[in-house]
Amino acid sequence: MPEISTASNGTTTYTVVGIAGEAIYVYSAATLTIPSTVTSIGNDAFWYAPELKAVYVDDENPNYADDNGDLYNKDFTTLLKYAPKDGETTVTFKATVTKIGAYAFYNNTGLKSVEIPQGIVEIGDYAFSNCKNLQEIYG
């Protein structure tokens, strides 16, 4: 499983501490591990990663966590990236989630309906964009 802990320009190796917006554009791996060194992730870092089925986070990461392949902030109040599950047509939110991040479900073609619980107080830009089979969002 790929881990993005270092980057190199050929002469110098750098520790990755952030993932910028659109950084994972057309990423072809099915899984990604975010190391403990990453302390910032851009709102649309994973906006177009159609093959990405799971994001895992090092347990020592101070700002991010994962559950069932989905990416959250450390206290599980913000869902940052929802990883599509094979055959899944609806989604269930963790009770702690109050915010759905920008592009969190982007390009999830398996979803057909989403129930937004009362605890959700904010939905980020383009959270459900390009979900071609999504027929209803209710709550």
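Student: Let's start with Glu115. Which residue in strand 14 stands opposite Glu115?
Tutor: Strands here are DSSP runs of E with at least two residues, numbered from the N terminus, while helices are H or I runs of at least four. Strand 12 (residues 113-115) and strand 14 run parallel and are joined by three bridges; two strands pair if DSSP finds at least two bridges between them. Across from Glu115, in strand 14, is Tyr138.

Student: Which strands are at the edges of that sheet?
Tutor: This is a predicted model, where local features need pLDDT of at least 70 and side-chain atom pairs count only at pLDDT 80 or more, though totals for chains, interfaces and linings use all residues. Residues are numbered from 1 along each chain as its sequence is written, and side-chain values use heavy atoms, with hydrogens and water left out. The sheet is open, with three parallel-paired strands in the order 10-12-14. Pairing on one side only marks the edges, strand 10 and strand 14 (136-138).

Student: And the whole protein: how many strands are there?
Tutor: Read along the sequence, the pattern is β-β-β-β-β-β-β-β-β-β-β-β-β-β. There are zero helices, and the number of strands is 14.

Student: Let's look at strand 8. Which residue of strand 8 does Ala65 stand opposite?
Tutor: Strand 8 covers residues 70-73. Four bridges join it, antiparallel, to strand 7 (residues 64-67). In the hairpin of these strands, with two residues in between, Asn68 takes a positive phi near 55 degrees. Opposite Ala65 stands Tyr72.

Student: What does Tyr72 stand opposite in strand 9?
Tutor: Strand 8 is also antiparallel to strand 9 (residues 78-81), through two bridges. This hairpin has four residues between its strands, and Phe76 takes a positive phi near 60 degrees there. The strand 9 residue facing Tyr72 is Leu79.

Student: Which residues of strand 8 point the other way from Asp70 and Tyr72?
Tutor: In a regular strand, side chains alternate between the two faces of the sheet. Asp70 and Tyr72 share one direction, and every one of the strand's four listed residues is buried. The other way point Leu71 and Asn73.

Student: Is Asp70 buried or exposed?
Tutor: Buried means under 20% relative accessible area, exposed over 50%, and partly exposed in between, using a 1.4 Å probe and protein chains only. Asp70 has 5% relative accessibility, so it counts as buried.

Student: Which side chain does the side chain of Asp70 make a polar contact with?
Tutor: A polar contact is a pair of N or O atoms within 3.5 Å; within protein, one must be able to donate a hydrogen and the other to accept it, and residues adjacent in sequence count only if both atoms are side-chain atoms. Plain contacts (heavy atoms within 4.5 Å) of Asp70, leaving aside neighbours within four places in sequence, include Val55, Ala65 and Leu79. The polar contact, at 2.5 Å, is with Lys85.

Student: Lys85 has a charged end. Which ring does it sit over?
Tutor: A charge sits over a ring if NZ of Lys or CZ of Arg is within 6 Å of the ring centre and within 35 degrees of the ring normal. Elsewhere, the charged end of Lys94 sits over the ring of Phe76, 5.2 Å from its centre. For Lys85 the distance is 4.1 Å, and the ring belongs to Tyr82.

Student: Are the rings of Tyr72 and Phe76 stacked, edge-to-face or tilted?
Tutor: Rings of Phe, Tyr and Trp (its six-membered ring) pair if their centres lie within 6.5 Å; planes under 30 degrees apart are stacked, over 60 edge-to-face, and the rest tilted. The structure holds six aromatic pairs. With centres 5.1 Å apart and planes at 55 degrees, the Tyr72 and Phe76 pair is tilted.

Student: Which residues touch the most other members of the largest nonpolar core?
Tutor: A nonpolar core is a set of buried Ala, Val, Leu, Ile, Met, Phe, Trp, Tyr and Cys residues joined through side-chain atoms within 4.5 Å. This one has 17 residues, and a second, separate core of 11 residues includes Ile34 and Val38. In the largest core, the answer is Phe93, Ile100, Phe105, Val114 and Phe128.

Student: Last one: is Thr96 buried, partly exposed or exposed?
Tutor: Thr96 is in the loop between strand 10 (90-91) and strand 11 (99-100). Leaving aside neighbours within four places in sequence, it contacts Asp75, Phe76 and Thr77. Its relative accessibility is 40%, so Thr96 counts as partly exposed.
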